[in-house]
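The following exercises ask the reader to work through a protein model step by step. Each task is followed by a worked solution.

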Amino acid sequence: MSPVESGPVAVLHHVDDYVELLYDDIPEKIKGSALILQLARNPDNLLELARNEALLSALSRVLREEWKRSIELSTNIVYTFFCFSTYNEFHPVIIQYKIGSLCMDVIDYELKRYDQWKEKVEGKKSILTPDKSELPKSRIPEPKRRPKSGTWAVADVNLQKSRSLVSSYHEELCSASDECLSKSDEEQLKRKLKTLSKRQEQLLRVAFYMLLNIADNVKVEEKMHKKEIVGLLIGAMERHSNIDLLILIVSFLQKLSIFVENKNSMASRAIIEKLAPLLDSSNADLVNVTLKLLFNLTFDTKLRNKMIKLGLLPKFIQFTSDEKHINLAMKILYHLSMDDRVKLMFTQSDCVKLLTDMLLLNVNAESGGSTDVLLALCVNLAWCERAAHQMAAEGRLRELLARAFRYCNSVLMKLVRNLSHHPQNKPLFLEFVGDIAGAVTSGETSEEFHIECMGTLSNILNPENIDIYAVVERYNLIPCIMKILDPESGSSEELLLEGVVMAGAVAAESRAAGALVRAGAGPALVVALRTHQADDEHVLQTVFAFRQLLSHPKAAEHLVSQTEAPAYLIDLMQDKNAEIRKMCDSCLDIISQMQNEWAARIKVERFRCHNGQWLSVVETLGAEGGAGDAADDLPPYLSAEYLTTHRLATSDSQTSINDDSDSLSGEVDLNRVEARNSSEEHKGELFTSTDGSSGKLSDIDGPTSDIVLFT
């Protein structure tokens with residue numbers, strides 16, 4: 001873009017003469033500003049021009065006082081300061097003369113004036129004319145110069161005459177009457193509107209570009225936000241005829257969108273509705289920058305929902321087949337897939353199958369970038385049962401497992417684990433049980449891959465379809481589990497949790513449960529429970545393992561008589577987590593039916609738990625009234641001495657787990673996992689955060705760490 005017309009070549013040594021022209025009439029000012037712009041467009045001249053205070057002061061004064069009278073003059077001056085803005089060293093010059101604030105005022109006025117032209121030409125009801133009051137005069141001192149000829153009085157008279165002769169270029173449009181316009185007049189006005197709008201778009205483009213350059217300074221960007229820069233940008237987006245201006249506006253919005261204040265301002269102005277038509281553009285650069293802005297906006301849940309309502313999901317899916325936009329499209333789809341309702345929408349076409357096939361073609365030992373995002377997207381979609389079935393069908397499960405084992409890709413194995421979560425897919429895993437169990441006991445893979453293999457094996461160990469004891473014996477799983485549960489082994493928390501989960505899965509079969517008990521799994525589980533009492537998930541899975549062991553008489557007898565598990569279960573009856581309380585009640589029901597001393601104690605403790613408030617009132621009244629009935633020597637609840645001896649506490653803490661200030665759930669707000677028992681399906685973990693009410697474990701570790709905002 002160059003608003004400079006052909007004319008004389010500017011010379012740096014004559015810059016003072018060009019400054020003199022800025023004090024003459026409008027034509028001379030346009031000529032002088034054009035010559036100065038020629039000098040500014042040469043980077044070698046910028047340093048010398050920046051040192052000329054008279055030049056900068058004159059340019060800023062003329063722009064402030066005369067910008068309404070000539071759009072060409074305004075464009076030349078703003079373009080000159082834009083040349084300075086391309087280098088950070090000259091940004092203080094622009095800030096000193098308040099050019100940024102002035103440009104925003106110019107943009108606001110021009111946008112309002114364009115609306116007025118458009119309303120007039122289209123024959124609609126006239127809107128209010130923008131305020132024509134002059135902007136505040138520059139407070140920068142201006143050097144006084146005597147006119148080249150004549151006196152000051154004559155110069156003032158000539159200036160007034162020139163201003164009266166030069167009318168505003170839009171007056172004809174504004175003064176035209178709808179009643180007296182013929183068809184030829186209307187066509188003429190439309191042509192003038194088109195011509196003037198092009199000239200105006202040049203000014204808008206160079207002004208926005210200059211503001212974009214100086215917005216590198218955060219403080220300057222904050223000032224722009226206060227002056228509603230977002231509103232100006234969105235207001236200028238209606239000019240779809242100028243692709244270059246649209247690209248610049250969307251790029252500016254993309255830069256602003258990384259701050260939540262600007263993002264909220266965009267949301268309040270229906271930014272998604274404004275961006276949706278741009279995705280249909282034939283210009284690849286415009287589509288690409290629009291996708292970048294939409295990706296930044298997908299971090300907001302409400303804006304993601306609005307994209308879905310506007311039907312943008314099929315467009316994003318379509319862009320996955322375009323090499324120019326596939327990376328951005330995958331990132332946007334990944335964010336959209338975090339909503340369970342959207343996961344189901346992916347299955348309404350062949351999208352899931354295409355994504356899986358694309359993954360199989362691209363996964364290798366050196367895969368990264370867009371492949372990681374694609375893999376993360378598939379991991380999310382695998383939580384939808386219908387999508388998981390489409391992924392695993394037609395031999396794709398075999399291919400996924402083959403590549404997972406070949407490259408030891410832990411994220412790909414996480415995808416397989418999510419697929420194994422659904423009952424519909426579990427029969428497909430029967431032929432791969434040996435491979436997965438062998439990977440669990442081999443110890444030759446990374447810990448992350450080992451964890452995913454253990455989780456997958458725990459999901460598919462179903463006593464109805466698999467001889468669990470045969471798998472345990474053949475692949476020597478009991479020593480592997482006990483090694484993980486051993487406190488001295490130094491296992492990580494995630495690996496220890498998977499060991500507890502696998503112990504619960506193996507205990508579903510009576511012979512395998514007996515082998516676990518003989519190997520010392522009961523005391524090991526109690527130690528793990530005591531060590532991780534603040535982790536609700538770990539506590540729930542440990543109690544479930546107790547429940548599995550208690551379902552077999554011999555294992556139950558050993559667990560009740562040889563370990564402290566019943567005392568811990570009694571103490572967990574009052575836990576804040578509803579799922580933990582439910583699982584504890586199930587375990588205590590089994591223990592109370594056994595012929596042992598715990599039956600009476602469980603009955604008394606349950607009475608105390610359900611009538612705790614009434615008992616506290618009775619004890620308070622008894623303490624105030626006297627010693628009470630001495631003949632009543634029956635213990636109302638479990639002795640305090642026993643609970644003190646067996647309280648659930650770590651080695652450095654003596655606080656009982658019954659204390660409300662230190663329960664198993666603690667103060668952490670974790671997603672509640674569903675109990676894995678014989679009548680319920682095992683729950684794995686999500687690759688990304690899900691709704692807390694879904695009862696699924698969140699796991700945000702993965703390729704998403706490479707996904708950042710576009711800046």
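# Exercises on a predicted helical model

The loop between helix H24 (396-407) and helix H25 (410-420) holds Cys408. The model is predicted, and every exercise below refers to it.

## Exercise 1: Overall composition

Determine how many helices and strands the protein has, what share of its residues is buried, and what share of the contacts with a separation of 6 or more joins residues 24 or more positions apart.

Step 1. The protein has 39 helices and zero strands.

Step 2. Of its 711 residues, 49% count as buried.

Step 3. Among contacts with a separation of 6 or more, 72% are between residues 24 or more positions apart.

## Exercise 2: Backbone and exposure in two loops

State the phi value of Cys408 and of Asn476, and classify the exposure of Cys408 and of Asn476.

Step 1. Cys408 is not a glycine, yet its phi is positive, near 50°.

Step 2. The relative accessible area of Cys408 is 38%, so this residue is partly exposed; the class lies between the cut-offs of 20% and 50%.

Step 3. Asn476 is placed in the loop between helix H28 (468-475) and helix H29 (477-485). Its phi is also positive, at about 55°, although Asn476 is not a glycine.

Step 4. With a relative accessible area of 48%, Asn476 is partly exposed.

## Exercise 3: The surroundings of Asn459

Locate Asn459, decide whether it is buried or exposed, and identify the partners of its side chain.

Step 1. Asn459 belongs to helix H27, which covers residues 447-460.

Step 2. Its relative accessible area is 3%, and Asn459 is therefore buried, the cut-off being under 20%.

Step 3. The side chain of Asn459 reaches the backbone oxygen of Arg417 at 3.4 Å.

Step 4. A polar contact at 3.0 Å links the side chain of Asn459 with the side chain of Ser420.

## Exercise 4: The packing of H27 and H30

Describe the geometry of the pair formed by H27 and helix H30, and list the residues that make the contact.

Step 1. H27 and helix H30 (residues 493-506) pack at an angle of about 20°, and their axes are 9 Å apart.

Step 2. Angles under 35 degrees count as roughly parallel, so H27 and H30 are roughly parallel to each other.

Step 3. Their crossing is left-handed.

Step 4. H27 contributes Glu447, His450, Ile451, Met454, Gly455, Leu457 and Ser458, while H30 contributes Glu494, Leu495, Glu498, Gly499, Val501, Met502 and Ala505.

Step 5. By class, the contact of H27 with H30 holds seven nonpolar, four polar and three charged residues.

## Exercise 5: The packing of H2 and H5

Carry out the corresponding analysis for helix H2 and helix H5.

Step 1. Helix H2 (residues 26-40) and helix H5 (residues 71-85) have axes 9 Å apart and pack at an angle of about 20°.

Step 2. H2 and H5 are therefore roughly parallel to each other.

Step 3. The crossing of H2 and H5 is left-handed.

Step 4. From H2, the contact involves Ile26, Lys29, Ile30, Ser33, Ala34, Ile36, Leu37 and Ala40; from H5, it involves Glu72, Leu73, Asn76, Ile77, Tyr79, Thr80 and Cys83.

Step 5. The contact of H2 with H5 divides into 10 nonpolar, three polar and two charged residues.

## Exercise 6: Val62 and its contacts

Establish which helix contains Val62, whether Val62 is buried or exposed, and which residues it touches beyond four places away in sequence.

Step 1. Val62 lies in helix H4, residues 53-66.

Step 2. Its relative accessibility is 1%, so Val62 counts as buried.

Step 3. Leaving aside residues up to four places away in sequence, Val62 touches Leu22, Lys29, Trp67, Leu73 and Ile77. Lys29 of H2, and Leu73 and Ile77 of H5, are also among the residues of the contact between H2 and H5.

Step 4. Val62 and Tyr23 are 39 residues apart along the chain, and their C-alpha atoms are separated by 8.4 Å.

## Exercise 7: Burial of H12

Find how many residues of helix H12 are buried, and which ones.

Step 1. Helix H12 spans residues 229-236 and is mostly covered, with six of its eight residues buried.

Step 2. The buried residues of H12 are Ile229, Val230, Leu232, Leu233, Ile234 and Ala236.

Conventions. Residues numbered from 1 in each chain as written. Predicted model: local features only at pLDDT ≥ 70, side-chain atom pairs only at ≥ 80, totals over all residues. Heavy atoms only, no water. Helix = DSSP H or I, 4+ residues; strand = E, 2+ residues; numbered from the N terminus. Buried < 20%, exposed > 50% of the residue type's maximum accessible area, 1.4 Å probe, protein only. Polar contact = N/O pair within 3.5 Å; in protein donor to acceptor, adjacent residues only side chain to side chain. Axes fitted to C-alpha atoms, helices over the stretch in contact; angles between N-to-C directions. Parallel < 35°, antiparallel > 145°, perpendicular 65-115°, else oblique. Left-handed = near helix turned anticlockwise from the far one by under 90°. Contact = heavy atoms within 4.5 Å. Nonpolar A, V, L, I, M, F, W, Y, C, P; charged D, E, K, R; others polar.
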